[in-house]
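The following exercises are to be worked through with the sequence and the model at hand. Each task is followed by a solution in steps.

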Amino acid sequence: MIIQLTKDTDTKSYEELIQVLDKNKFQFREVKTQLGSYLIALEGNETDIRKIGNLSAVKDVHAVNAKQQLVSSKWKTQPTVIDLGDGIQIGGRDFSVVAGPCSVENADQIKEMRDFMLEQQISIMRGGVFKPRSSPYSYRGAGIEGLKYFSSLCHEQNIKIITEVMEAEKIEAMYPYVDVFQVGARNSQNFHLLDALGKVDKPVLLKRGLSGTLDELLFSAEYIFSGGNERIILCERGIRTYEKAYRNTLDLNAVPMLKEKTHLPVVVDPSHGTGKRGMVEPLALASVMSGADGIMVEIHKNPAKAFSDGEQSLNFNQMAELNRKVIATSQFLEGLNTQQSI
Ligand code: PEP
Ligand code: MN
């Protein structure tokens, strides 16, 4: 059960509510986010929730019959829109395209890519400066110095940036430069990091774990929300299965399932989801049709020379072609959804 508290609950009304919960043997936890205050109450006696709803400390009360509470669509029926400022949103009416390098390499690379993205009217760039690599001998990223030029070159032209944070202790140093903090697949259940991101007033893009279930992904999102940050974007990026023909199996089943279970926006990463350049476009278009709110794609001016993930990166022409088809596909889908049957 989610109890939304009124804005200026006084001590007396708050205590009255706590007494009712105690009397009915509820376990509860208080959650304060940047947007509101809640009590999450679990496992109490069967109670007429209207009695709780009538208390003066309570703005609204919702019986949520789901494992996860705050991220559940059972209480918040309108989809959450993540506002990045300057009219840029994820989860709104428009399908979002995020593109950028796997790794930030140098300022010239970012400048060229930014100019390409401006031409394409793509307003969010992804790029890692701290890279989780399977081998310790692979390129590990340009670090904070890389983040500084990545951020300033993009912000100069009103392009927002998404970048991965691998440890809670780096959040503070990264904070001034980042628009969206990415939690990578390997950290999807790093609860220390998730707790820390709950304290941050910037959106978080949370990737599904390498072998993570949807329930685990939603619980991870619940960590961030219950830690205080409501602005979460979920990302399907493929899971490990017995199939070895491609890097991961992109689980597009996840999109309609997540859209049913949660009010949070869902984006798809067809680059890591397939690991193969030639598969990125068809799976990106399938992501649009699956009902996703956006895609996040790795691109590089010269993929053969990329410091990381060149095999799954599109070159600029391929990205321009994909962007054209994504726009056409999402318009087609919107047309289908608004058409009346007679
Ligand atoms: C990435 O997006 O840069 C990345 C490392 O992806 P993942 O965590 O999904 O492997
Ligand atoms: Mn990558």
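**Exercise 1. Determine the burial class of Ser72 and describe its surroundings.**

Step 1. Ser72 counts as buried, because its relative accessibility is 2%; buried means under 20% relative accessible area, exposed over 50% and partly exposed in between, with a 1.4 Å probe and protein chains only.

Step 2. Ser72 belongs to the loop between strand 4 (58-62) and strand 5 (82-85). Helices (H or I, at least four residues) and strands (E, at least two) are DSSP runs, numbered from the N terminus.

Step 3. Apart from neighbours within four places in sequence, Ser72 is in contact with Val64, Ala66, Lys261, Thr262 and His263, where contact means heavy atoms within 4.5 Å.

Step 4. Ser72 and Lys259 are separated by 187 residues in sequence, yet their C-alpha atoms are 9.8 Å apart in space.

A note on the basis of these values: the model is predicted, so that local features need pLDDT of at least 70 and side-chain atom pairs count only at pLDDT 80 or more, whereas totals for chains, interfaces and linings use all residues. Residues are numbered from 1 along each chain as its sequence is written, chains are lettered from A and ligands numbered from 1 in the order in which they are written, and side-chain values use heavy atoms, with hydrogens and water left out.

**Exercise 2. Identify the protein donors of the manganese ion (ligand 2) and place them along the chain.**

Step 1. The protein donors are Cys102 (SG), His272 (NE2), Glu298 (OE) and Asp309 (OD), at 2.0 to 2.4 Å from the ion. Donors are N, O and S atoms within 2.8 Å of the metal (3.2 Å for Na, K and Ca); water is not among the atoms, so sites may look incomplete.

Step 2. Along the chain, the donors of the manganese ion follow the spacing C-x169-H-x25-E-x10-D.

Step 3. His272 lies in helix 9 (residues 270-274) and Glu298 in strand 14 (residues 294-298), so this pair ties together parts that are 26 residues apart in sequence.

Step 4. His272 is buried at 8% relative accessibility, and Glu298 is buried with a relative accessible area of 1%.

**Exercise 3. Describe the largest pocket and the second largest pocket by volume and lining.**

Step 1. The largest pocket holds about 990 Å³ of space. Its lining has 30 residues, of which Arg93, Asp94, Phe95, Ser96 and Ser330 are the closest to its centre. On a 1 Å grid over the protein atoms alone, a pocket is an open set of points with protein on both sides within 12 Å along at least five of seven lines, and lining residues have an atom within 4 Å of a point. Grid points are joined across faces, edges and corners, and a volume is the space filled by probe spheres set on the points.

Step 2. Strand 6 (88-90), strand 7 (96-100) and helix 11 (316-338) each supply at least two residues of this lining; helix 11 gives the most, with 9 residues.

Step 3. The lining of the largest pocket comprises 11 nonpolar, 14 polar and 5 charged residues. Here Ala, Val, Leu, Ile, Met, Phe, Trp, Tyr, Cys and Pro count as nonpolar, Asp, Glu, Lys and Arg as charged, and the others, Gly among them, as polar.

Step 4. The second largest pocket has a volume of about 380 Å³. Among its 27 lining residues, Pro132, Arg186, Arg247, His272 and Asp309 lie nearest its centre.

Step 5. Strand 9 (residues 160-164) provides the largest share of that lining, 3 residues, and the classes are 5 nonpolar, 11 polar and 11 charged.

**Exercise 4. Examine the positive phi values of Lys25 and Glu43.**

Step 1. Lys25, a residue other than glycine, has a positive phi near 60 degrees. Lys25 is located in the loop between helix 1 (11-23) and strand 2 (27-32), and is exposed, with a relative accessible area of 58%.

Step 2. For Glu43, also other than glycine, phi is positive and near 55 degrees. Glu43 is in the loop between strand 3 (37-42) and helix 2 (49-53) and is exposed at a relative accessible area of 73%.

Key: 1 Å grid on protein atoms, 1.4 Å probe; cavity = no way out; pocket = protein on both sides within 12 Å on 5 of 7 lines; lining within 4 Å.
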